[in-house]
Amino acid sequence: MTIQSLSSDKLYRASELNGLPEDCKSTKNLTPLDEIVGQERAQKAVEFAMSIKEKGYNIYAIGRNGLGKRTMVLRYLNRHDPNGSGHMLYDWCYVANFEETRSPKVLKLPAGSGQKFKKDIEKLMTRLVKALPLAFDNEMYYSRSEKLKNQLTQKQESALITLTTEAKEHSVSLSVTTTGEYQLVALNGEEPHTEQTFAELSEEEQQGFEDTINDLERKLRGIVRQLTELEEEFSDKIQKLNEEVALDVVAHFIKSLKADYKGLQEVVAYLKAMQEDILDNLDIFLEESEEQVALAYAALDKKMPRRYQVNVLVSQPDHKFPIVVEESPNYHSIFGYVENATYKGTVFTDFSLIRPGSLHRANGGVLLMDAVKVLERPYVWDGLKRALRARKLNVSSLEKEVTLSGTISLDPEDIPLNVKIILFGDYQTYQLLQHYDPEFSELFRVTADFEDEMNRSDESEAQYAQFISSIVNDNGMLHCDRKAIARIIEYSSRQADDQNKLSLHSADIANLLRETNYVAKSSNATMIRANHVEQALQSQEKRVSRLKDHVMQTFTNGTTLIDTEGVVAGQINGLSVISTSDYQFGAPNRITATTAFGEGEVFDIERNVKLGGRIHSKGVMILSAYLASIFGKTSRIPLTTHLTFEQSYGGVDGDSASMAELCAIVSAFSHLPLRQDVAITGSMNQFGEAQPIGGVNQKIEGFFDVCSIKGRQPTQGVIIPKSNVHNLMLRKDIVDAVEKGEFHIWAIGHVTEAIEILTGITAGEVSPDGIYPTESVFGKAQVKLNALRR
């Protein structure tokens, strides 16, 4: 039976764009998509998580980079109506706690009113700074304070007059020194005694003066205590007077503010506390102590005492649902921090130096971050879990978290946290978190799993065309004509390695469109056409194909030995894929099998020198099992086979060469030569059935290129598994060669079909008594093995 090669229409699925109207000539006629194509599953997960308000329904978005995870989520969120789901937004402010300055208070204000409140307080302070000094600089205040002073003076004088009179009666004078001290001196008539005149007095007179002065001093001490009490009483009265005067001013200005914010109890309570604090700290406004006032006003931007500022941490003036993307998620950028200020060599901090983090800005909305970046930064992951568990946001310094020192710092009041966290990451990071962090699945209960590809149909092609239109419109590119759209869709299918799929790696499509747009503009085109797409693709390949050119050079100069015509026993052309970080290409490998008298084992040279990977070794064991089932059912195979990849020095893995290896072994057993103008790829199971492999397009193209180097023959071709036919999206030159009958691709379901193509002889079917037809490949091998057994 002759096995037919594939027709050219099976090698490439062209895009006809049947889903688009015939009058649609370019992306200009297409409505751009406002969602990411093909990600319905992930979108449903995001919608579900966003609609549940309970704790723990945060999202982990899984998928490779470039699938448009962030774009899809942002587009959905921008359409999402927060008010429709009863979402309330607030402004958050920090203000002074007048009772405990280390613990600033939080004020929750309706969205958009934070800045207004701040300006109202600033206006109030501006008025008080002017009005309070004026209240104490008028005749009414002076007369009241003067009256109190006079009352004090009168009481002081009346207390001292009695003692002065009594002293005079005993010839003693009471006077006040320049330093303000009271002095009792004995008198000699009207003049004070000198030392000389006092010494001339009798001892009795001297003793009399001393006793009198001691008695007067005792009375004087009592009067001084009384005077101190009078001064304290005067001070209290002045303080009370000052407070009364200040209260008239402050209450007048604050009254209107209280009326404006009467619906907000927290704000009204703060205004009352502020009023009391102003009365306690009038010296700040009256500028009685320069140093104290200088520090109080150390906010050099405004003439306003720092303790009465309002620190608006978060303001939502436009009432928009907060969507925050944190590109650099370190501890301070997420949780906020407290700055320090320096004034005249003094380092200080207060509530006005508290700065918000992205969690503050996203409160009431959504915060989007990259999972790996979050996990890379110290203490961020633990802090995030703590905030989500407690549903509170605490601005604590990282230094306090990581050191044992008792440095004095602020301890601001916690802010209630109502936020959805969306982490973007790959599957490996997701598995690690699931495995090593038991809290992860409690806090991130929703997984948005992004697809790598979507089914290709007329409808999905039309949707994909709209997706292309959205990229073109978003980036202000030239529009693509119909053929260019079709070519990009075909490229997407090639990226998915499947005729019936389209790649959802939107970054690749966006990059291709950018480069195509550049090519089109460089040639002064007004529209992107298919030839511009081809040029961009060739340019892309040219940039990354240095290794491929080097490998192909080894075939050109004969460094790598390969035959692409003739027949050789025990030798076959296998196909492999060589990968760099951003490029894959195929190249043929010579595989050889030699036999020697032995015990029937297959000696895998690659495995024994540790160049073969585990999957390759498994493939060799499977083909050994198949060999044993064909030739060793009744007695041991009397040959040892040595199998290797010639000129392979970098290691071999994968089982895609197992069919090729089996064909080489059967050829060595039967001494039947194999065609060298045909290469083969495909793995097999223990029953000889062909199994699909990866990189089929690159493998075929690699062999085709080597055939072109060595000299093209119309008989050349490649054998692939039948289950890989849907993966074919081959280059145009190969499709054309197949169409002209100058190259062939055979799709097989069983390894025996490959043996028949490579030898030109039937493989042979076993009879009930275990004998193969003599003229078949297996029959010839059986005859030779039986001869050795005898």
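Reader: Which residue just after helix 13 takes a positive phi, and what is its value?

Author: In this predicted model, the residue is R391, with a phi of about 55°. Helix 13 itself spans residues 380-390, and its buried residues are V380, W381, G383, L384, K385, A387 and L388.

Reader: How do you know whether helix 1 has the length expected of a helix?

Author: Helix 1 covers residues 40-51, which is twelve residues. The expected span is 1.5 Å times one less than the number of residues. From first C-alpha to last, helix 1 reaches 16 Å, close to the 16 Å expected.

Reader: Which residues of helix 1 are called buried?

Author: The term requires under 20% relative accessible area. A42, Q43, A45, V46, A49 and M50 of helix 1 are in that class.

Reader: Why are those residues said to lie on the same side of helix 1?

Author: They cover an arc of only 160° around the axis, which puts them on the same side of helix 1. The face turned away from that buried side carries R41, K44 and S51, which are exposed; the cut-off for that word is over 50%.

Reader: What covers the buried residues of helix 1?

Author: The cover includes strand 1 (59-62), helix 2 (69-79), strand 13 (366-370), strand 16 (420-425) and strand 17 (446-449).

Reader: Strand 16 appears there; what makes it count as largely enclosed?

Author: Six of the six residues of strand 16 are buried, so the strand is largely enclosed by the rest of the structure. K420, I422 and F424 point one way from strand 16, while I421, L423 and G425 point the other way. In a regular strand the side chains alternate between the two faces of the sheet.

Reader: How do you know which strands pair with strand 16, among them strand 1?

Author: Pairing needs at least two bridges. Strand 1 and strand 16 have four bridges, in the parallel sense, with I62 opposite G425. Strand 13 and strand 16 have five, again parallel, and there L367 stands opposite I421. Both pairs therefore meet the cut-off of at least two bridges.

Reader: What makes strand 3 and strand 7 edge strands?

Author: Their sheet is open, with three strands in the order 3-2-7 and antiparallel pairing. Strand 3 (105-110) and strand 7 (311-314) each pair on one side only. Neighbouring strands of this sheet are turned by 35° against each other on average, direction ignored. Strand 2 (residues 90-95) and strand 3 share six bridges; one of the pairs is Y94 with V106 of strand 3.

Reader: Which helix packs on that sheet, touching strand 2, strand 3 and strand 7?

Author: Helix 3 (residues 114-135) does, and its direction makes about 120° with that of strand 3. Helix 7 (residues 265-280) lies across strand 2 and strand 3, at about 130° to strand 3.

Reader: Why is the sheet with the order 23-24-22-21-26-29-30 given strand 23 and strand 30 as its edges?

Author: That sheet is open, has seven strands and shows mixed pairing. Strand 23 (602-604) and strand 30 each pair on one side only. The twist averages 30° from one strand to the next.

Reader: What makes strand 29 of that sheet count as largely enclosed?

Author: Five of the five residues of strand 29 (residues 717-721) are buried, so the strand is largely enclosed by the rest of the structure. G717, I719 and P721 point one way, and V718 and I720 the other.

Reader: How many bridges join strand 29 to strand 26, and how many join it to strand 30?

Author: Strand 26 (residues 678-680) and strand 29 pair in the parallel sense over three bridges, including A679 with V718 and I680 with I719. Strand 29 and strand 30 (residues 744-748) are also parallel, over five bridges, and P721 has I748 as its partner there.

Reader: Why are helix 23 and helix 28 described by the word they are given for their relative direction?

Author: The axes of helix 23 (residues 614-631) and helix 28 (residues 777-789) cross at roughly 80° and come within 11 Å. Angles of 65 to 115 degrees count as roughly perpendicular, and the two helices are therefore roughly perpendicular to each other. Helix 23 makes the contact with Y626, I630 and F631, and helix 28 with F778, A781, Q782, L785 and R789.

How values were computed:
Residues numbered from 1 in each chain as written. Predicted model: local features only at pLDDT ≥ 70, side-chain atom pairs only at ≥ 80, totals over all residues. Heavy atoms only, no water. Buried < 20%, exposed > 50% of the residue type's maximum accessible area, 1.4 Å probe, protein only. Arc of directions from axis to C-beta. Contact = heavy atoms within 4.5 Å. Axes fitted to C-alpha atoms, helices over the stretch in contact; angles between N-to-C directions. Parallel < 35°, antiparallel > 145°, perpendicular 65-115°, else oblique.
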